[in-house]
Structure formats: structure tokens, C-alpha cells
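The following report describes the fold that the reader is about to see. It follows the strands, the helices and the contacts in turn.

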Amino acid sequence: MDGASPLERYLEHCEGQFKDDLSTSPQLFTAMSPYDVDLPIQTTEDVFHSQFNLSKELPTDFSSVDLSFLPDITQDNKEQKLSGDGCETEEELDGSIPRNEDSGIFMDESSLSYPDATQPSPGASGVCPPLTPMTPVPPASESSGIVPQLQNIVSTVNLACKLDLKNIALHARNAEYNPKRFAAVIMRIREPRTTALIFSSGKMVCTGAKSEEQSRLAARKYARVVQKLGFPAKFLDFKIQNMVGSCDVRFPIRLEGLVLTHQQFSSYEPELFPGLIYRMVKPRIVLLIFVSGKVVLTGAKERSEIYEAFENIYPILKGFKKAS
């Protein structure tokens, strides 16, 4: 034994320990049962029922259990919890106002009425979409009392036939035709005092009238002249294309200050043109404003647009009145 190696001593020690385990637990190895004897087989259901019955038999008296580590629940806390549970039950039954349980804050009514609407994020609120420049609306004030006067009306009409311009220029009075200079016959009449441009396609432009009625009357007179020259002229598609008006505000204007304040809509180059060009967005009118207080309005299709544009610009011009 003394001359045995450490490995042999370890194996002898393990063998002795194994024999001791067998002597203390004889039920692990029993004689083989005969084949005709039914052994009790324990299924998983039996195990579950035994576990369930065992849990039922657990003692229900916990008076001996130490619960000192749990926090005390005061009567106020109990009442608060009960009242909170009651409110939540009411809300669930009602179903009208959803509640955020984590924060305890009720949702906004706007989000309830429009559930599909997306709420803007705080990060996106600082970004402004691109804005289309609009003419600044002046504050409501008294009427200017100034009515712009119409100076010129440009209208068009279709005579609906091909024209021989050389023949018209030779036989009509107050008509001139220079094809190298301009490809239309220029014809004038005295009443109403207007000028017409007559093209070989049958289209005609009438300018110089002071009102809508005068422009239509002048166009009809030109069409009648062409008919008398032997052309089957008609009078179709009469339309006013442009109206020009002018007025005087009767005070000098600081154009430099106006162009700085309204630089999106105005341009002022005194070395090229003495007037300030103001392009109004609504109504779509172009104004020529001079330092003397004279104003020219052009680009209108109707008389009302001229009046509306001037009423919009007058309070602005009054704000830039030169000190006398």
C-alpha cells in the first residue's frame, strides 16, 4: 500500500466510497421483478395532479411569516388606489376619453376628433415651408377719394377671313402699309379716336379707346370698312386684353424708402427710368410710381382691377410721403 502510486490510491478511495453508497441505499438495486407482475407506472398527469393536490394542502396561515421587509400601506394609500381604480373603471365603461396610464395626462380633444391627423414634431416646427411672396395688405383705412382715369384700352377681334393688305391700303382712307417695317395695315379713325392694326390672317387689334364701349364701337367701324372693300368680314371673339389707368395722389413720394421696404415687388433704377415699377400680386397689376405722386396702372382686364389696385397701394404711398 505504501509503494502504490497516487493514481492507484485515488482509484481505491473512489471504490471504497462507491461501496459505502451502495450499502446506505439498497433500494437503488433490487432483484428483478417477474415479467407477469404489473409495475406501477407514474405518468405526467399523475405527477401534475399530485403537484396540484400538494399545493392545495399548503397552509394558509401566514401569521408566523415575517413580512417586516415589505413597505407599509397606509389607509390613505388604500383609498387613493381604490378611487383610482374606480375612475379607470368608469373611463373604460364610458370609452369616450382615453387616458395615458404612464403619465396620467388626458389626451387632447383635437387628437380625438382627428385620430388620423399627424401631430407636428418639435423638430419640424422650426422649419418653415417656402412662402410665395404676397402683396402686403394695408390696414383698413378711409377711402382715398381718388378715382383712376382710364387712358387706353387694347382689344382684339377676329374678322374670320383672309385679307389682302395691299388692296386695303390702296383703297381705304387713313391707312398705311409698309411690309418691310410692320406686317399689318395701320388704320385710324377720328370718332372714337383710335388706331387699328389689321393683319392678313383676319385678326385685328384696336387701341386708344378711353372706355370699353368706345373700344367695341371702334372695332365695329373698322370691320365695316373692311366689309365695304369687298371682304366677307365678320365680328367674332371681341375681347379686352389690357386697360391702362392713371391718377395723382397729390404729394411727393420717397421712392428710395419704398423700394427698400417692398423690394420683393418693386424695382427702381433712376438712371434707366425715373419711375418705380411695382408688381402687385393680387390683383395682378403693374404700377409705375413717380416721385411727383403720379401713378400709372396697367395690365388689368377689367375696370374694377384698376380701382382695387389703387386702393391697395394708396395707404402704402401715404406712408412714404415726403416731408414738405
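In the hairpin formed by strand 9 and strand 10, where four residues lie between the strands, Gly-293 adopts a positive phi near 105°. The model is a predicted one, and its confidence should be kept in mind from the start: the protein averages a pLDDT of 75, with 60% of the residues scoring at least 70. Over residues 96–119 the pLDDT is below 50, and beyond near neighbours in sequence this stretch makes 12 contacts in the model. Residues 121–125 also have a pLDDT below 50, but this stretch has zero contacts in the model beyond near neighbours in sequence.

## The sheet

The hairpin belongs to a broader arrangement, described next. An open sheet is built from 10 strands in the order 2-3-4-5-1-6-10-9-8-7, with antiparallel pairing. Strand 2 (175–176) and strand 7 (266–267) stand at the edges, and each has a single partner strand, so one side of each is left without a neighbour in the sheet.

Several of the pairings can be set side by side, each with one pair of residues that face each other across the two strands.

| Strands | Sense | Bridges | Example pair |
|---|---|---|---|
| Strand 1 (residues 149–158) and strand 6 (residues 236–248) | antiparallel | eight | Asn-158 and Leu-236 |
| Strand 1 and strand 5 (residues 203–209) | antiparallel | five | Ile-153 and Ala-209 |
| Strand 3 (residues 185–189) and strand 4 (residues 194–198) | antiparallel | five | Ile-186 and Leu-197 |
| Strand 8 and strand 9 | antiparallel | five | Met-280 and Ile-285 |
| Strand 9 and strand 10 | antiparallel | four | Val-286 and Thr-298 |

Strand 8 is joined to strand 9 by a hairpin of four residues. Along strand 9 the side chains alternate, with Ile-285, Leu-287 and Ile-289 pointing to one face, where they are buried, while Val-286 and Leu-288 point to the other face and are not buried. This agrees with a general pattern: in a regular strand the side chains alternate between the two faces of the sheet.

## Helices on the sheet and the nonpolar core

Helix 7 (residues 212–228) packs on the sheet, where it touches strand 1, strand 3, strand 4, strand 5 and strand 6, and its direction makes about 135° with that of strand 5. Helix 9 lies across strand 1, strand 6, strand 8 (276–280), strand 9 (285–289) and strand 10 (294–300), and runs at about 140° to strand 10.

The largest nonpolar core has 54 residues, of which Leu-163, Tyr-278, Leu-287, Ile-289, Leu-297, Ile-313 and Leu-317 touch the most other members. Helix 9 (residues 303–319) supplies the largest share of this core, namely seven residues. Such a grouping fits the general tendency of nonpolar side chains to be buried together in soluble globular proteins. What does Leu-163 contact once its neighbours within four places in sequence are left aside? Its partners are Ile-168, Ile-198, Phe-199, Ser-200, Gly-202, Val-226 and Phe-231.

## Salt bridges

The structure holds two salt bridges. In one of them the side chains of Glu-176 and Arg-188 meet at 3.3 Å, N to O; because Glu-176 lies in strand 2 and Arg-188 in strand 3, the pair ties together parts that are 12 residues apart in sequence. Glu-176 counts as partly exposed at 42% relative accessibility, and Arg-188 likewise counts as partly exposed, at 41%.

A salt bridge also forms between Arg-303 and Glu-212, whose closest N and O atoms are 2.8 Å apart. This pair links distant parts of the chain, with Arg-303 in helix 9 and Glu-212 in helix 7, 91 residues apart. Arg-303, at 29% relative accessibility, counts as partly exposed.

## Asp-248 and the glycine of the hairpin

Asp-248 lies in strand 6, and its relative accessibility of 26% places it among the partly exposed residues. Which residues does Asp-248 touch, not counting those up to four places away in sequence? They are Ile-146, Ser-292, Gly-293 and Lys-294, so the account returns here to Gly-293, the residue with a positive phi near 105° in the hairpin of strand 9 and strand 10. Asp-248 and Val-296 are separated by 48 residues in sequence, while their C-alpha atoms are 8.8 Å apart in space.

Notes: Residues numbered from 1 in each chain as written. Predicted model: local features only at pLDDT ≥ 70, side-chain atom pairs only at ≥ 80, totals over all residues. Heavy atoms only, no water. Core = buried A, V, L, I, M, F, W, Y, C linked by side-chain atoms within 4.5 Å. Buried < 20%, exposed > 50% of the residue type's maximum accessible area, 1.4 Å probe, protein only. Helix = DSSP H or I, 4+ residues; strand = E, 2+ residues; numbered from the N terminus. Contact = heavy atoms within 4.5 Å. Pairing = 2+ DSSP bridges. pLDDT = per-residue confidence, 0-100. Axes fitted to C-alpha atoms, helices over the stretch in contact; angles between N-to-C directions. Salt bridge = Lys/Arg side-chain N within 4 Å of Asp/Glu carboxyl O.
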